[in-house]
There are 2 protein chains.
Amino acid sequence: MQDTDRDLLPEGLGDRLPQAAWAAQHVRRMAHDVLAGHGYERVDTPMLEFEKALASRMAGVQARRMFRFVDPISLRMLAVRSDMTAQVARIAATSLSNAARPLRLSYSGPVLAIKGDGLDPSRERLQIGAELIGSDSVAAAAEIVEVAIEALRAAGATGVSVDFTLPDLVDALSAEALPLPSGQIEAVRQMLDAKDAGGLVDAGGAAYLPLLYAVGPFAGAIEKLAQFDAGGVLADRIDGLRRIAARVEGKARLTLDPSERHGFEYQSWFGFTIYADGVTGTMGRGGTYRILGRAGADPEPATGFSLYPDPLLDSLAVTSTTPQRLFLPLGHDPQVAARQRAIGWATVAALDETDDAVALGCSHRLEAGEAVPL
Amino acid sequence: MQDTDRDLLPEGLGDRLPQAAWAAQHVRRMAHDVLAGHGYERVDTPMLEFEKALASRMAGVQARRMFRFVDPISLRMLAVRSDMTAQVARIAATSLSNAARPLRLSYSGPVLAIKGDGLDPSRERLQIGAELIGSDSVAAAAEIVEVAIEALRAAGATGVSVDFTLPDLVDALSAEALPLPSGQIEAVRQMLDAKDAGGLVDAGGAAYLPLLYAVGPFAGAIEKLAQFDAGGVLADRIDGLRRIAARVEGKARLTLDPSERHGFEYQSWFGFTIYADGVTGTMGRGGTYRILGRAGADPEPATGFSLYPDPLLDSLAVTSTTPQRLFLPLGHDPQVAARQRAIGWATVAALDETDDAVALGCSHRLEAGEAVPL
C-alpha cells in the first residue's frame, strides 16, 4: 500500500483530538454522575453480538444498518452494536431477571452503523442512556424525562427543549372514537407524520385533521388536544402528559407534536425528543416501550432514553476548560510537583533542556516551589 | 431462531454487570485523572479502520488477530481495532504532526481480537494507555514507568510490581562484544526467552549463559548484569535501568529479566511488564519504540504503556464502594432529594406504593427530610 494510504480513515469514522476528547469525557462523566445520583446503575455491553440476537431484541432497528461479518470462531454472523438499548434489555431479561423492579440501568459507549443518517455522515457515535425496566407508568416517564434533561444540562447543554409525542395515538383513536378501515390506518399515520392535511383527507382521515394543529408550545397544544378529544379516549394520555410536563417545567422548553411518529415506531404510549441550543439535529429521544423477557416469559414494560452527544462536543470543547498546564523544569522537586497536581494543575515535566514550556501549552512554570506565570 | 438463542453471547464476549461496570468506570476515571495530571491529553480513536492502515502501523501486531470484513461503503477491508497504540501513533503522525514534542497523549476504550490469549478467553477488553511521542530517553522511560504505576495504584491495584527488560539486548551484544553467526542470533534469542540453558549452549550462545542468572529482584540482578557486561557495551542501558529504578523505588516491587522478549518484539532498548496482586497474568506493558511518521517523514522515537485492567475488575468490584442508596417515598420533596444527591447519596424514587426499598438496594429512607436507616 502507498505510504499516504496509511494515514486515511474510512468515511464517517474519525478521531477525537484533545479538546473534543476532553469534552466527550466530561459529558460522559457528568451524565453518569447524574444517572448514578438517581439510582441508575451502570452496565457495560460487548461491542459485538450474534447478529440475530441483536436484531431479534431490536424491534424495528434494521439489521441492515449494522456492520456484519462471520465470526471465525463460531462461524455464525456477528454484528457490531448499533444501539445499546437492546443489549441492556437483554441484561434485564437474563442476568438481572431476578433483580427487583423497577430496575434502573445506565450505559454509554460507541455505537456504529454502516451509513450515517441524513445530515450526519458519522458512522460511529457515542450513545449515553438509561432504562427504567418494569414500568411504563406516568411516574416512570416523568422520571426518565427529568433525568434526561438533568443529564444533558449537567453535561453542558444549554437551551434544552423537549418535544412530547403519543406514538400509539392513531391506534388508540381508530380503535373506538374515530374508526378507520384497517386498510387506511397506515396511510393516515403517514399523512399525520408528514403533516399533510390534503393527504390526510384523501386517506379518509379528515376526522384527524385537528391533530395537525394541536402542535407547538406545550401549554397551548395540550389544550387543543384536549378539546379535540371529545370522546375522552385520550383523557389518560393527556393527563399523563400534563403530569410529566409539570414535573420538568422550568427545566426545559416543552412542546407537543402528538402525531409525530418518526423514530417512535416501537414506542408505546409516550415518546419524547430532546434538542439543545447550537445542535442542528436531535440530541436524543426516549419513551415507553416493552422489552422481550427471558425465553417463555412475558414482555416487560420499560421506559428509557438515549442521548447522542457528539454534535455537542465541538461547542462544549470551546467552553469546557482543560486543566492549566504547569511546566516542571529539570531537577524540580517531585513532592512539590505532586502537591501542584493535587490542587488541580496538569504538570508537564521537562525531559531535557530543549523542552519548550510555551510550545507545550504551559501557562506557568514551577520556580522555587511556586507556579509563576510565563 | 429459537427464543433461547436470543439470550446467548458469542464466546469470549460478555457484559459487565453493575459491580464490575462501576469498577471499570472507577478505573478509567482514576487512570485518566492521573494521566491528565501529568500532562497527557486524551484522544479518542475509531473502533474501525482500514485493515491495511492499522496493520501497517502495528509492527508485528498480527492482522490475523483482528476481526475483519468488507466495508459496504468503500468496498475495502475494515478491521476492528485490537490495539489503540497504532491509532494514537497515527494521530501523532498526522493531525498532531505539528504539535510540539514531546507530545503526551492518553486513551482508553475497548479493543477486540478474534481469539483470547492463553489463559484468558476474552475477545474484548479495556485498554488504557499513554504515549510520550518524540523521546525514548531514560527520562521519558522513567516518566512512563512512574505514571503507569501511579495510574494503576490510583485505580485500586495493590502489590504492583514491574519487571524490566532490555528488548534489543542480543542485538547489542552480538554486534560487538559477543559476536554470533547471523544464522544463530534468532536461535540464541529464543533459548534466552525460553530460559533454556542447554538449548542456549547448543545454539552456540554459551557466552550468553550468565544472562539467565541476571534475573530477579532488581538490585541484585542489575549487579549481575553489570558484572557480565565486562566489555561495557551495556553500560548505558544498565545506567538507564538504574535511573528508572531509582525514580520509582518504593512505589512498586522491581525485578529484572534482561533477556525477556515475549511481547517486546518491537520495543527498542527498554521494556517493562506490570503485575498486581490478585491478578494472574500481566496488567500491562510498555517501553520505548519508534513510530512511523507521516508519509515521507522519519520515524519518531516514543515511549508508552498499555494497561488491560479487566482482570482487576472483579477484585475491585468487591472493594470499590458504590454510593449508598436512599429510598424516596411517594410525595417526597424534590428539593430535599436533590440536596441528598448533592452530598453523595444515590436516590431511588418510589414510582408507586408497591416499590420495595430494601429489595431495591436502599440502606436508608427519606423521612421528614432526613435519611433514616432501614
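I take a residue as buried when its relative accessible area is under 20%, and with that cut-off in hand I began with helix 3 of chain B. The model I am reading is a predicted one, so every value below is computed from predicted coordinates.

**Entry 1: helix 3 of chain B**

I went through helix 3 of chain B residue by residue and found it mostly covered, with nine of its nine residues buried. The buried set runs through B:Thr85, B:Ala86, B:Gln87, B:Val88, B:Ala89, B:Arg90, B:Ile91, B:Ala92 and B:Ala93, and I noted that B:Arg90 and B:Gln87 are among them. I then asked what covers the buried residues of helix 3 of chain B. The cover includes strand 2 (48-50), helix 2 (51-57), strand 5, strand 6 (124-133), strand 11 (284-291) and strand 12 of chain B.

**Entry 2: the loop after helix 3, in both chains**

Moving on from helix 3, I looked at the peptide bonds. In chain A, I found that A:Arg101 and A:Pro102 are joined by a cis peptide bond, with omega about -5 degrees, and that A:Pro102 sits in the loop between helix 3 (85-93) and strand 5 (103-112) of chain A. In chain B, I found a cis peptide bond between B:Arg101 and B:Pro102, with omega about -5 degrees, and B:Pro102 has its place in the loop between helix 3 (85-93) and strand 5 (103-112) of chain B. I flagged both bonds because most peptide bonds are trans.

**Entry 3: positive phi**

I next checked the backbone for positive phi at residues other than glycine. A:Lys195, which is not a glycine, has a positive phi of about 55 degrees, and I located A:Lys195 in the loop between helix 6 (182-193) and helix 7 (197-202) of chain A. Its relative accessibility is 34%, so A:Lys195 counts as partly exposed. B:Leu75, also not a glycine, has a positive phi of about 60 degrees, and I placed B:Leu75 in the loop between strand 3 (68-70) and strand 4 (77-80) of chain B. With a relative accessible area of 65%, B:Leu75 is exposed.

**Entry 4: B:Asp71, in the loop of B:Leu75**

Is B:Asp71 buried or exposed? I found B:Asp71 in the loop between strand 3 and strand 4 of chain B, and B:Asp71 is buried, because its relative accessible area is 0%. I traced a polar contact of 2.9 Å from the side chain of B:Asp71 to the side chain of B:Ser74. Setting aside residues up to four places away in sequence, B:Asp71 touches A:Pro10, A:Phe67 and A:Arg123 of chain A as well as B:Arg76 and B:Leu78 of chain B.

**Entry 5: B:Pro301**

I looked up B:Pro301, which lies in strand 12 (residues 300-307) of chain B, and set it against B:Leu75: the two are 226 residues apart in sequence and 35 Å apart in space, C-alpha to C-alpha. Apart from its neighbours within four places in sequence, B:Pro301 is in contact with B:Ile133, B:Gly134, B:Ser135, B:Asp136, B:Tyr289 and B:Arg290.

**Entry 6: A:Gln127**

I then turned to A:Gln127, which belongs to strand 6 (residues 124-133) of chain A and counts as buried, because its relative accessibility is 0%. Which side chains does the side chain of A:Gln127 meet in polar contacts? I found A:Asp83 at 2.9 Å and A:Tyr308 at 3.3 Å. Beyond four places in sequence, the residues that A:Gln127 touches include A:Met84, A:Thr85, A:Tyr107, A:Ser108, A:Val111 and A:Leu307.

**Entry 7: helices 8 and 9**

In chain B, I found that the axes of helix 8 (residues 218-228) and helix 9 (residues 235-248) come within 11 Å and cross at roughly 170 degrees. That angle makes helix 8 of chain B roughly antiparallel to helix 9 of chain B, the cut-off for this being over 145 degrees. Helix 8 of chain B passes helix 9 of chain B in a left-handed crossing. From helix 8 of chain B the contact takes B:Phe218, B:Ile222, B:Glu223, B:Leu225 and B:Ala226, and from helix 9 of chain B it takes B:Ile238, B:Leu241, B:Arg242 and B:Ala245. Sorted by class, I have seven nonpolar, no polar and two charged residues in this contact.

In chain A, helix 8 (residues 218-228) and helix 9 (residues 235-248) pack at an angle of about 170 degrees, their axes 11 Å apart, and are therefore roughly antiparallel to each other.

How values were computed
Residues numbered from 1 in each chain as written. Chains lettered and ligands numbered in written order. Predicted model: local features only at pLDDT ≥ 70, side-chain atom pairs only at ≥ 80, totals over all residues. Heavy atoms only, no water. Axes fitted to C-alpha atoms, helices over the stretch in contact; angles between N-to-C directions. Helix = DSSP H or I, 4+ residues; strand = E, 2+ residues; numbered from the N terminus. Parallel < 35°, antiparallel > 145°, perpendicular 65-115°, else oblique. Left-handed = near helix turned anticlockwise from the far one by under 90°. Contact = heavy atoms within 4.5 Å. Nonpolar A, V, L, I, M, F, W, Y, C, P; charged D, E, K, R; others polar. Buried < 20%, exposed > 50% of the residue type's maximum accessible area, 1.4 Å probe, protein only. Polar contact = N/O pair within 3.5 Å; in protein donor to acceptor, adjacent residues only side chain to side chain.
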